[in-house]
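Subject: Handing over the structure

Hi,

Here is the structure I promised to pass on to you. Have a look at it first, and then read my notes underneath.

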Amino acid sequence: MNSRVFHPKSYLREGFTLRSWLTTRDHKRIALLYMISITAFFFLGGAAATLIRIELATPAGDFVTDETYSKLFTLHGVVMVWFFLIPSIPATLGNFIVPLMIGARDLAFPRLNLASWYLFMLGGVVTLYAVFVGGIDTGWTFYTPFSTMYSNSHVVLAVTGVFIAGFSSILTGLNFIVSIHRMRAPGLTWYRLPLFLWSLYATSVILVLATPVLAITLLLVALDRFAEIGIFDPSRGGDPILFQHLFWFYSHPAVYIMVLPGMGVVSELVACFSRKEVFGYHFVAWSAIAIAGVGFFVWGHHMFVSGQSPFAGLVFSFMSFIVAVPSAIKVFNWTATLHKGWISYDAPMLYALGFIGLFTIGGLTGLFLACLAYDVYVTDTYFVVAHFHYIMVGGTVTAYFGGLHYWWPKITGRMYPEYWARGAAILIFFGFNMTFFPQFILGIEGMPRRYHVYPPEFQVWHVLSSAGASILAIAYALPLFYLTWSLFFGKRAPDNPWRTTGLEWQTPSPPPKHNFERTPVVKRKPYDFTVKGKARAQNA
Amino acid sequence: MPDTRLAEQFVDLRQQHDVAELGIWVFLATEVLFFGGLILAYCVYRSIQPAGFAEAAHHTKIVIGAANTAILMTSSFLVAWAVTITKLGEARFAGLLLWAAALLGLVFIGLKGLEYTLEYREHLLPGLGFDYPGQHAIAAHLFFSFYLVATGLHAVHVAIGIAVLAVIGRRARQAAYSGACHAPMTVAGLYWHFVDLVWVFLFALIYLPGRSG
Amino acid sequence: MTETRRPPLILVVAWLGLLALLSLTIFVAYLPFGLANTVVAIVIATIKGAMIAAIFMELRQSHGLTLAFAGAGFFWLGIMLWLAMADYVTRPNFPPL
């Protein structure tokens, strides 16, 4: 339904100067600022990955030196984790959609929102500078005492950059939590919230509680290196494992920061493109909270072989099995939603289906790793690398692309070219599996991670993986081209191109600066497709 | 000149106040975890070297520490007083109380500086000519590393708090706040109380061990 | 001092109470109670902290959500301390001689 007499000015037309963008308080513009930044970082991290895969195509270390290789995988990890994955869905799709989904005019703290982007950019600039003046070779995990005592690279600069970017995360999480609690439209009770918001809320809790621990940990690393306070130095009574406890207390929940928003997106996509409400809404909603909560109890599974006590290992292993349960609940409920749904295979749905399959593989291999005895065998091998890439890339990146396509009409007011998008989605799926499945095999065979020299019998798998990576690179570049094309030549989008429920679709595409002409009043639960094919909007 | 500007994303002043209060509590939770990492380090190392930590703690200046605790708690009292009477319309007087609290904060920083100077002269500060006799040198180094980082970070928070109190105090003096609209004062107050709270715990961990040896 | 300028009694009592507890904790620290010294110090600090939170920070007048947020940081810190210390106390050479 697209009839409106009065055409409000879209947020894109509220000022065309650079200044209007750089001083904006509009959550939609801030979302776009983030989108541009993280896209740039994605391709930087991808460039590092390309060089890594080129090197790994041959068993000898003939493309780059040992030190350069260390710097490449560190760059890849640092950039992809902190400057792409963590902000990806929350700071782009979240920032844009959350106020729209709750029927608000903006987030609770618009100026803090802009500040968070500036902090992100400052952290990015500092980190890039560290890379520019020589890089770091510690791995993204900055393990001590190598990072504090022996590395000859720019550790202090790099941790400073990440430290600054961490505050960006905290502000985003703070904004979402307060907004979801206090700025919902009338009638929008918790159990009427779309599942994307439940997931982002859970993500925000982790952002707010875990990131400060990373901050203090990195500060201590910098002080240890700079002033030699010896807190992680064994010769001064320090314990390197303390670093690992502190680091993983943040970094394990951090992986849930990365995957939970993706799960939220998938819930939206599965409902819309099955034209069915999400099966077991309450279970899916609370499972997000459970993942966020239990996710704080499992960090020691990264430390099974570190020298941690076996008793602690046992506890962490057990909790790691428990944390898989809510994720599994989601997968089952999405599957049940698909069952007897009225399925359409638009590009966002292809991404959602890809997520469900790839996340399941990644999640199941996580259970292998949760099993202490098995983890001892595959730890620090490519099995772990494959596991987390299935979740992070097969999961989060796939969901990010799915959400990007789904909300693209709302954000830009244009439709993307559907067949190009479907083609890219399928190519991503194939390229991804070809890149990362061989890595499971490599890991079981014993190929260590972070090595660029390996026995010749591993080469066949590496070549497969590198070939897959080249397909993946093309597949990821495709959206960059056709989405940009659509900005100028795409069909103009109606308010609700997918004819789905949800408040964000009850306002023009793109929305006006204040989102809604009048504050919507919510009358029903989300995903109301009671009459098949006919969506009833939440405020209708 | 009342500050009744309602920000455009809010429905009413009450929502604006509620949101500000919730926001600062979320922020304070992040601060608990920020200092918490240091607390973990303290717990780990103290449990490994209890005797060493106790002996090292004996060298801290309890008189200055106790005075600082009393100063901070008093300033917290002044701030709580100020927030309460602002709701009754006494913003101007509250401004004076906030400035007094900020002044006490400055005294805190001054005493801290004095303390650091004395410890520097006694070669107790890691990275600054640390030299500790006896078998517990390593434990002492760890203890004073924790001491320096924790109290240093805390002092940074105090400094920020002083600036905030000074600014909010000035706006209060200009009667910018009232019963209906005092969110910035609530937020500033909660921040300052939190800084006090952290110090209460740091005092117990730093100044009290090993006194009965 | 006019009625509206007076500090509420509860605040004055809390302030004096905090000073009293400060004196108490210092006094007890000098008594040879061994391990109990640490426990007493932490307990008193917790009481002081609770008083600051409840009275100065007005948590006693706050509703559930604010209390939950206020407690969340400490609860999560508790998780970190508990599980990490569980590693150290169950290691073979702990406690050290």
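Below is what I found, going from one chain to the interfaces, then to the salt bridges and a few backbone oddities.

Before anything else: this is a predicted model, so please read all of the values as computed from it.

**Chain B**

Let me start with chain B, which has 6 helices and 0 strands. Going along the sequence, that gives the pattern α-α-α-α-α-α. If you put a box around its C-alpha atoms along the principal axes, you get roughly 65 × 30 × 30 Å. Of the 213 residues in chain B, 62% are buried. As for contacts with a separation of 6 or more, 79% of those in chain B come from residues 24 or more positions apart.

On the surface side, chain B exposes about 7,400 Å², with carbon and sulfur atoms supplying 67% of that area. For the electrostatics, chain B carries 12 positive and 13 negative charges, and the mean positions of the two sets are 6 Å apart.

**Interfaces**

Chain C has contacts with both of the other chains I looked at here. Where chain C meets chain B, 49 residues of chain C and 46 residues of chain B take part. Together they bury about 4,300 Å², and carbon and sulfur atoms give 79% of this. There are 2 salt bridges between chain C and chain B. One of the salt bridges you can look up is B:Lys87 with C:Glu58, where the closest N and O atoms are 3.2 Å apart.

Between chain A and chain C, 22 residues of chain A touch 15 residues of chain C. The buried area there is about 1,600 Å², of which 77% comes from carbon and sulfur atoms. This pair of chains has 1 salt bridge. C:Arg91 and A:Asp239 form a salt bridge, with 3.5 Å between the closest N and O atoms.

**Salt bridges**

How many salt bridges does the structure hold over all chains? The count is 19. As a reminder, side chains of opposite charge can pair when their charged atoms come close. A few of these pairs are worth pulling up in your viewer.

C:Arg91 turns up again here: besides A:Asp239, C:Arg91 forms a salt bridge with C:Asp87, at 2.8 Å between the closest N and O atoms. Are these two residues of chain C buried or exposed? C:Asp87 has a relative accessible area of 0%, so it is buried. C:Arg91 has 15%, and it counts as buried because the cut-off is under 20%.

In chain A, take a look at A:Asp528, which also has two partners in salt bridges. With A:Arg524 the N to O distance is 3.5 Å, and with A:Arg536 the closest N and O atoms are 3.4 Å apart. A:Asp528 is buried at 4% relative accessibility, and A:Arg524 is buried too, at 17%. A:Arg536, at 39%, counts as partly exposed.

There is also a network of salt bridges across two chains, linking A:Arg182, B:Arg14 and B:Asp18.

**Backbone oddities**

Two cis peptide bonds for your list, in case you set up the geometry yourself. One runs from A:Thr144 to A:Pro145, with omega near -5°. A:Pro145 sits in the loop between α4 (110–132) and α5 (146–150) of chain A. The other joins A:Ser509 and A:Pro510, and omega is about -5° there. A:Pro510 belongs to the loop between α15 (459–489) and β1 (528–531) of chain A.

Which residues have a positive phi although they are not glycines? A:Lys340 is one of them, with phi of about 60°. A:Lys340 lies in the loop between α10 (310–338) and α11 (347–370) of chain A, and at 67% relative accessible area it is exposed. B:Ala175 is another, with phi of about 55°. You will find B:Ala175 in the loop between α5 (137–173) and α6 (183–206) of chain B. B:Ala175 is partly exposed, with a relative accessible area of 23%.

That's the lot from my side.

Cheers

Technical notes:
Residues numbered from 1 in each chain as written. Chains lettered and ligands numbered in written order. Predicted model: local features only at pLDDT ≥ 70, side-chain atom pairs only at ≥ 80, totals over all residues. Heavy atoms only, no water. Helix = DSSP H or I, 4+ residues; strand = E, 2+ residues; numbered from the N terminus. Buried < 20%, exposed > 50% of the residue type's maximum accessible area, 1.4 Å probe, protein only. Contact = heavy atoms within 4.5 Å. Areas by Shrake-Rupley, 256 points an atom, 1.4 Å probe, with all protein chains shown as cover. Lys, Arg positive; Asp, Glu negative; His and termini not counted. Charge placed at Lys NZ, Arg CZ, Asp CG, Glu CD. Buried area = accessible area lost by both parts, 1.4 Å probe. Salt bridge = Lys/Arg side-chain N within 4 Å of Asp/Glu carboxyl O.
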